[in-house]
Amino acid sequence: MRKRDAWRQWGVPLEPPQSLLYPPTGRPVDDSHRTMILDWAVNQYIANGWRVESRSPTQAVLVRGERVNHVLHAVLTVFTCLLWGIVWLAVAAISKVERVALTVDQGGRVQAVQGPG
């Protein structure tokens, strides 16, 4: 898969509008424009259900999904004489956490790297 098509895994395009890439004077992308490009990319992910885990001016880590509360399920399993264990197994099997780290390079391109779940 080409880097340009890497966003397809997460369903969010990583090509910011041209007005963000190039300042009006035609200079290369400076730090303030890199921050604006990252803001745009983060907003695209937030609109698709992601939440921000950490953020800096040129990097953001976004998360989608919830971790399973194993302590709660263990207590419920004990109190229901192991019947809740079936539900616990199903929830643990289908729930997943996705992470993506977004960075903006000196050229204004957004790079997405999938992180550990």
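**Close-up views of a predicted model**

**View 1. Trp-50 and its aromatic partner.** At a relative accessibility of 3%, Trp-50 falls under the 20% cut-off, so it counts as buried. What you're looking at here, and in every view below, is a predicted model. The structure holds one aromatic pair, and Trp-50 forms it with Tyr-45. The two rings sit edge-to-face, with 5.4 Å from centre to centre and 80° between the planes. Is Tyr-45 buried or exposed? Tyr-45 is buried too, because its relative accessible area is 0%.

**View 2. The whole chain, for orientation.** Reading along the sequence, you'll meet the pattern α-α-β-β-α-α-β-β, which adds up to four helices and four strands. The chain has 117 residues, and 32% of them count as buried. Its accessible surface comes to about 7700 Å², with 61% of that belonging to carbon and sulfur atoms. If you take the contacts with a separation of 6 or more, 49% of them are between residues 24 or more positions apart.

**View 3. How far to trust the start of the chain.** Average pLDDT for the chain is 83, and 77% of the residues score at least 70. Residues 1-7 are another story, with pLDDT below 50. Beyond near neighbours in sequence, this stretch has seven contacts in the model. Where pLDDT is low, the predicted coordinates shouldn't be read in detail.

**View 4. Strand 1 meets strand 2.** Strand 1 covers residues 51-55 and runs antiparallel to strand 2, with four bridges joining the two. How many residues does the hairpin between them use? It gets from strand 1 to strand 2 through three residues. For a landmark, find Arg-51, which stands opposite Val-63 in strand 2.

**View 5. Strand 2 against strand 3.** Move across to strand 2 (residues 59-64), and you'll find six bridges joining it to strand 3, again in an antiparallel arrangement. Val-63 turns up here as well, this time with Arg-99 in strand 3 as its bridge partner. So Val-63 has Arg-51 across from it in strand 1 and Arg-99 as a bridge partner in strand 3. Another pairing to look for is Val-61 with Ala-101 of strand 3.

**View 6. Strand 3 and the hairpin into strand 4.** Why is strand 3 described as largely enclosed by the rest of the structure? Six of the seven residues in this strand (residues 98-104) are buried, so there's the reason. Besides its bridges to strand 2, strand 3 shares six bridges with strand 4 (residues 110-115), and those two strands are antiparallel. One of the pairings to pick out is Leu-102 with Ala-112 in strand 4. The hairpin has five residues between the strands, and Gly-108 in this hairpin takes a positive phi near 85°.

**View 7. His-73 and its surroundings.** Look for His-73 in helix 3, which spans residues 70-79. At 10% relative accessibility, His-73 is below the 20% cut-off and therefore counts as buried. Which residues does His-73 contact, leaving aside its neighbours within four places in sequence? They are Val-68, Trp-84, Trp-88 and Val-91, so show those side chains alongside His-73 when you follow this view.

Definitions and conventions:
Residues are numbered from 1 along each chain as its sequence is written. Side-chain values use heavy atoms; hydrogens and water are left out. pLDDT is the predictor's confidence in each residue, from 0 to 100. Contact means heavy atoms within 4.5 Å. Buried means under 20% relative accessible area, exposed over 50%, partly exposed in between (1.4 Å probe, protein chains only). Accessible areas come from the Shrake-Rupley method with a 1.4 Å probe; for residues, only the protein chains shown count as cover. Two strands pair if DSSP finds at least two bridges between them. Rings of Phe, Tyr and Trp (its six-membered ring) pair if their centres lie within 6.5 Å; planes under 30 degrees apart count as stacked, over 60 as edge-to-face and the rest as tilted.
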